[in-house]
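Subject: Handing over the structure

Hi,

Here is the structure I promised to pass on to you. Have a look at it first, and then read my notes underneath.

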Amino acid sequence: MSTEKEKMLAGKMYSPEDPQLLKERAEARQLTQEFNGPVSYDRRYTILKELLGTMGESIGIEPSFQVDYGYNIHVGENFFANFNCVFLDVCPIRFGKNAMLGPAVHILTPEHPLNPTERNSGYEFGRPITIGDNCWIGGNVTIIGGVTLGDNVVVAAGATVTKSFGDNVVIGGVPARVLREIEIEE
C-alpha cells in the first residue's frame with residue numbers, strides 16, 4: 001500500500017491532509033519565512049540548499065519566494081527568479097541551466113478533479129513541470145502541471161502556459177501559443 005506522499009509524487013490522487021505531508025509543508029514554510037526575512041545573501045543561499053531538491057552553484061532567488069515542499073524543485077546552473085515567485089511542487093519542477101524568471105511567476109503542479117464530488121473530497125493530484133535550458137519566463141506568467149518547455153523558449157509576460165512547447169520559440173497569450181520561432185545561429 002502506498003503512502004500519501006508516494007501517491008502525490010506519482011501523480012495519483014492523494015490527501016494533502018496526511019500528517020507527514022502537513023509536517024513537510026510546515027517545515028518548508030519555516031524555511032521560506034526565514035528566507036523572505038531580513039537575512040544575508042549567504043544565509044538565503046544556505047536556506048535554498050536545505051530547501052530545494054537540487055540546485056546549481058550559481059543561482060539567485062529574490063524574496064518573497066513560496067513553495068509547498070521545496071524538495072521537488074530542481075534548478076540548474078545560472079538560475080534566477082525575481083521577486084514574488086510561487087512554486088507549488090507536489091510533483092517535480094525541473095529547470096535546466098540558464099533559466100531566468102521575471103517577477104510573480106507561478107509554477108503550479110497541483111490539480112483538482114473537475115467532478116465537484118471528487119473535488120470536494122479534499123483529494124488532489126499533480127503533474128510535473130519541466131523547463132529546458134536557456135529559458136526566459138516573463139513576469140506574471142503562470143505555468144500549470146504537465147507542461148514541458150524545450151530549450152531556448154521565451155514566455156511573454158502575462159502568459160498562461162497550459163500545454164507543452166518545443167525548442168526555440170517565443171510563446172505568449174492566454175492560453176499561450178507560439179508567437180514566433182527563434183533562429184539560433186551556430
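Let's start at a loop: Ser64 sits in the one between β2 and β3. Before going further, please keep in mind that this is a predicted model. What is the form of the peptide bond from Pro63 to Ser64? That bond is cis, and its omega is near -5°.

A second bond of this kind turns up further along the chain. The peptide bond from Val174 to Pro175 is cis, again with omega near -5°, and Pro175 has its place in the loop between β18 and β19. As background, most peptide bonds are trans, and most residues other than glycine have a negative phi.

That brings me to the backbone angles. Asn78 is not a glycine, yet its phi is positive, at about 60°. You can find Asn78 in the loop that runs between β4 (73-75) and β5 (79-81). There is a positive phi at a glycine as well: Gly173, with a value near 100°, in the hairpin of β18 and β19. Four residues lie between the two strands of that hairpin. As for the strands themselves, β18 covers residues 169-172 and β19 covers residues 177-181, and they pair in the antiparallel sense over four bridges. If you want a spot to click on, Ile171 stands opposite Val178 in β19.

Now the sheets. One is an open sheet of five strands with parallel pairing, in the order β3-β6-β9-β14-β17. Which strands are at the edges of that sheet? They are β3 (65-67) and β17 (160-161), each of which pairs on one side only. Going inwards from β3, you meet β6 (residues 85-88), which runs parallel to β3 and is joined to it by three bridges. Phe65 has Cys85 in β6 as its bridge partner. On from there, β6 is joined to β9 (residues 106-108) by three bridges, with the two strands running parallel. Here, Phe87 has Ile107 in β9 as its bridge partner.

There is also an open sheet of five strands ordered β1-β4-β7-β12-β15, and its pairing is parallel. Its edge strands are β1 (54-55) and β15 (148-149), and each of them pairs on one side only. At the β15 end, two bridges join β15 to β12 (residues 129-131), and this pair runs parallel. Look for Thr130 there, whose bridge partner in β15 is Thr148.

What about space inside? A search of the whole structure turns up one cavity of 30 Å³ or more. Its volume is about 40 Å³. The residues lining this largest cavity are Phe35, Tyr41, Arg44, Tyr45, Leu48, Ile59, Gly60 and Ile61. Two elements give two or more residues to that lining, namely α3 (41-51) and β2 (59-61). Which of the elements gives the most to the lining? That is α3, with four residues. Sorted by class, the lining of the largest cavity has six nonpolar residues, one polar and one charged.

On the outside, Phe80, Met100 and Trp136 make a nonpolar surface patch of about 310 Å². Trp136 belongs to strand β13 (residues 136-137).

Last, the charged pairs. How many salt bridges does the structure hold? The count is six. One of them is easy to find towards the start of the chain, where the side chains of Glu4 and Lys7 meet at 2.9 Å, N to O. Both residues lie in helix α1 (residues 4-9), three residues apart, which is about one turn of the helix. In general, side chains of opposite charge can pair when their charged atoms come close.

That's what I have for now. If you only have a few minutes, I'd begin with the two cis bonds, from Pro63 to Ser64 and from Val174 to Pro175, and then go on to the cavity lined by Phe35, Tyr41 and Arg44, among others.

Over to you, and happy browsing!

Key: Residues numbered from 1 in each chain as written. Predicted model: local features only at pLDDT ≥ 70, side-chain atom pairs only at ≥ 80, totals over all residues. Heavy atoms only, no water. Pairing = 2+ DSSP bridges. 1 Å grid on protein atoms, 1.4 Å probe; cavity = no way out; pocket = protein on both sides within 12 Å on 5 of 7 lines; lining within 4 Å. Points joined across faces, edges and corners; volume = space filled by probe spheres on them. Nonpolar A, V, L, I, M, F, W, Y, C, P; charged D, E, K, R; others polar. Patch = residues over 30% accessible without salt bridge, like charges linked within 9 Å, V, L, I, M, F, W, Y side chains within 5 Å. Areas by Shrake-Rupley, 256 points an atom, 1.4 Å probe, with all protein chains shown as cover. Salt bridge = Lys/Arg side-chain N within 4 Å of Asp/Glu carboxyl O.
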